[in-house]
Each structure stands twice: as structure tokens, then as C-alpha cells.
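Visitor: Hello! I am new to reading protein structures, and I would like a close look at one part of this one. Could you walk me through it slowly?

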Amino acid sequence: MSLQSDSPRRLVNDDSPAAVSRAIVNLLNTYQDKPDIVTMEYLTEENGLALSVIQVPYVVEQYICGGYLAAYDCELIYRTIPTTDAKRLEADETLDATVTWLIKNIGSIDLTGVTITKIERQSLASLSARYNNGAEDHIASLHLNYERIG
Amino acid sequence: MAYTVTGSGKIAREKLVAYLKTGETGSNPAVPVWSVLGKRVQSSDYAMDWQEESVKDILGNTENSVKKPIISQEFEAPMDAAETAFCKIWELAIRDQDAQKLSEQTVLIVHAYTTDGETNPTYFAETYDGCVIEANTLGGEGGGDLVLSTKITYGGNRVTGGATITSGVPSFTPAS
């Protein structure tokens, strides 16, 4: 069954979303040129680099033997306090470079029973929020598909 | 033994599984190697054609009759080099175009939503040793996956019995 856009989405209800999130965070933390250590959905008030899942992964294709193809939408949030436009642009460039590296190296993720089949950039890094202490969130969003064969 | 549908509520689609015999292991006797059909197949039906006939007599009464069903099932899925069943179909149909072998394949169908109610329960299962496999199309959209579309018509000797599935591997025991 291919889930049409007007059908209710069936959310993934097993442990695969957490496994995929953990694998992406672990992979990103092997990247030498990232601006900060990657965490899962945690930033301090002034800085940080976090992977955040935008919505609960949902089933795109359901296979008759019980497996499925899922969609996983996430974003990388880079919080920093840029004091100049140059630093602001540098924040976007650094975040984009991190995403580019992730896209190139996603194939090295080896998960039992789960295969990431597609990754694509949904947006370039850009300013998303600014706080009273001068901190800014720069965000780049990604779309992944992964498969679990039943 | 009498098999019945088990559980309560609706039954998940993945409880009806078809396997193609892709080889044998051991000897005396050799044990079939069963490879699952449909890993990335999104929809496939165990279709039954009862060959219904209707006759109206001179009194205006309609007499209906049916015969034992012809069962067929279609599969359409992206090719996967690790998927043994479809790779075997590719070898026989695409590479060898071996019409004779394609008409004498063995398929096991496990109805994993049933039980015999025994202490070590088994599922109702059936094998057909004269199945015809037709590879209908091989292709797909540009930029997408190579998709193989097949139709299996179950035929030959039908043997029923019980099956278990352990770690995705079925084991079939004909009814005595």
C-alpha cells in the first residue's frame, strides 16, 4: 500500500527513529570540522549544535511482509553568538559544510535491520531565531528515508 | 488436525507469507530452502478464481456451480541483489527464458494467522509443486529502482500441512 497524501499518516512505532537519531549524532561527532559537539535536541543558552527531529518519522510505503519505508525529517541547529555579519555568515557556512559532510558520509552508518536509503538537504543554513542575550539559532533542515525489512 | 483462525480483532497483512523454493540443503532427505516473496512489495493478493458457471433452466431457475479455485498472486517490487526469490525468477525468466522450469516451481504459502491448537502450535500451510511464474515486466521510472513484476499461478500437487517460522525461516511438515 502506498500511503496517499490525503490518508492519515501512520507513524513509526518501533525503536528505529531513536536508532537512526543516535547513529546520525554519533556519525556527526566524528566530523573534525564541525563547530561544536553534536547533541540530541539540547543547546545551552549561548551555544551548541543539536540534531532535532522535526516530526515523528512516518511510514511512506508499507510492505506486505511487515517491513516499511519511513520518512525522517530533521534539522541541525547551530546556536552561537555572532558579533558581526561576517561571523553570522560564517555560522551558516560552517553549518552547511557540516550538512554536506553528513550527506557524503551517511552511507557509513551500519544499523541492524535498518538501512538509510536517501538523504537530501531541504534548506540551506539560515537564521531562525535571535535571543535577548545575543544568541542566534541557525538551522539547516534535512529529509531522510530509511527502510526496515520485515 | 483442524486449523482455525486465531487471535482477536483484525489480522495484519504480514501474516500471509509466500515462499519460493530456491534450493535444497542436506540429503536423505533433502530439505527445501524457502525464500520469502514480497520483501518490498506493497500490495499483493492471493487471488482465487472459482470458475463460476451459471445456467438458467427452462423454468427460470438459475443453477450455479464452481470448481476448485485457480489461485494466483502478483508481485511487483524493486530488484534487490540480496533477495534470493526474485533473483532466481530473474535467472529463469530474464537470463535463461526457461519456460519449462518456470512452469514447475514450488511455492509454500504460510497462513500465519491460524493455529492447530496443539501444545507446539503450527500454522496452516500449503505447497504447490507445479507453479507457473511469469515475469511480466522489468523496468521502472527514470532515476528510480529497477522493478520486476511477476505473476505466480499456483498449480501442481497441493499438499497441506503445518508450518512454523523461526527467525523468518519457515519449516513445513505435510499433514500425515
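Visitor: Let us take chain B: what percentage of its 176 residues count as buried?

Guide: Happy to help! Please keep in mind that this is a predicted model. Of the 176 residues in chain B, 34% count as buried. Here, a residue is called buried when its relative accessible area is under 20%, and exposed when that value is over 50%.

Let us begin with the overall build of chain B. Its secondary structure consists of two helices and 13 strands. Along the principal axes, the C-alpha trace of chain B spans about 60 × 45 × 40 Å. The accessible surface of this chain comes to about 10500 Å², and carbon and sulfur atoms account for 49% of that area. Take the contacts in chain B between residues at least 6 apart in sequence: 60% of them join residues at least 24 apart.

Thr106(B) lets you see contacts like these at one spot. You will find Thr106(B) in strand 8 of chain B, which covers residues 105–111. Thr106(B) counts as buried because its relative accessibility is 16%, and the limit for that word is under 20%. Leaving aside neighbours within four places in sequence, Thr106(B) is in contact with Tyr19(B), Leu20(B), Lys21(B), Trp34(B), Tyr128(B) and Asp129(B).

One of those partners, Lys21(B), also has a charged partner. The side chains of Lys21(B) and Glu24(B) form a salt bridge, with 2.9 Å from N to O. Lys21(B) is partly exposed, at a relative accessible area of 22%, whereas Glu24(B) is exposed, at 52%. Side chains of opposite charge can pair when their charged atoms come close.

Now look at the surface of chain B. Trp90(B), Ile94(B), Leu138(B) and Leu146(B) make a nonpolar surface patch of about 320 Å². Leu146(B) sits in the loop between strand 10 (123–139) and strand 11 (147–154) of chain B. With a relative accessible area of 45%, Leu146(B) is partly exposed, so it passes the patch requirement of over 30%.

Cys87(B) is another residue to find. Its relative accessibility is 19%, so Cys87(B) counts as buried. Why does Cys87(B) have no bonded cysteine partner? The closest cysteine sulfur belongs to Cys65(A) and is 15 Å from the sulfur of Cys87(B), which is too far for a bond; a disulfide needs two sulfur atoms within 2.5 Å. Over all chains, the structure holds zero disulfides.

Chain A gives us some useful company for this picture. The largest nonpolar core has 31 residues, and those with the most contacts inside it are Ile24(A), Tyr72(A), Leu102(A), Ile106(A), Leu144(A) and Tyr146(A). At least two residues of this core come from each of these parts of chain A: helix 1 (16–28), strand 3 (48–53), strand 5 (68–80), helix 2 (85–105), strand 6 (114–121) and strand 8 (136–148). Apart from that core lies another one, of 25 residues, which brings us back to chain B: Leu16(B), Val41(B), Phe86(B) and Ile109(B) are among them.

To see how one core residue is surrounded, try Tyr72(A). Not counting residues up to four places away in sequence, Tyr72(A) touches several residues, including Val20(A), Ile24(A), Leu51(A), Leu144(A) and Tyr146(A).

Finally, let us return to charged pairs. Over all chains, the count comes to 13 salt bridges. Arg148(A) and Asp15(A) meet in one of them, at 3.0 Å from N to O. Arg148(A) lies in strand 8 of chain A and Asp15(A) in the loop between strand 1 (10–11) and helix 1, so the pair ties together parts that are 133 residues apart in sequence. Arg148(A) is partly exposed at 21%, while Asp15(A) counts as exposed at 52%.

Arg79(A) and Asp137(A) also meet in a salt bridge, at 2.7 Å from N to O. This pair links strand 5, which holds Arg79(A), with strand 8, which holds Asp137(A), 58 residues apart. Arg79(A) counts as buried at 13% relative accessibility, and Asp137(A) counts as buried at 6%.

Methods. Residues are numbered from 1 along each chain as its sequence is written. Chains are lettered from A and ligands numbered from 1 in the order in which they are written. This is a predicted model: local features need pLDDT of at least 70, side-chain atom pairs count only at pLDDT 80 or more; totals for chains, interfaces and linings use all residues. Side-chain values use heavy atoms; hydrogens and water are left out. Patches are made of residues with over 30% relative accessible area and no salt bridge: like charges are joined within 9 Å, nonpolar side chains (Val, Leu, Ile, Met, Phe, Trp, Tyr) within 5 Å. Accessible areas come from the Shrake-Rupley method with a 1.4 Å probe; for residues, only the protein chains shown count as cover. A salt bridge is a side-chain nitrogen of Lys or Arg within 4 Å of a carboxyl oxygen of Asp or Glu. Helices (H or I, at least four residues) and strands (E, at least two) are DSSP runs, numbered from the N terminus. Buried means under 20% relative accessible area, exposed over 50%, partly exposed in between (1.4 Å probe, protein chains only). A nonpolar core is a set of buried Ala, Val, Leu, Ile, Met, Phe, Trp, Tyr and Cys residues joined through side-chain atoms within 4.5 Å. Contact means heavy atoms within 4.5 Å.
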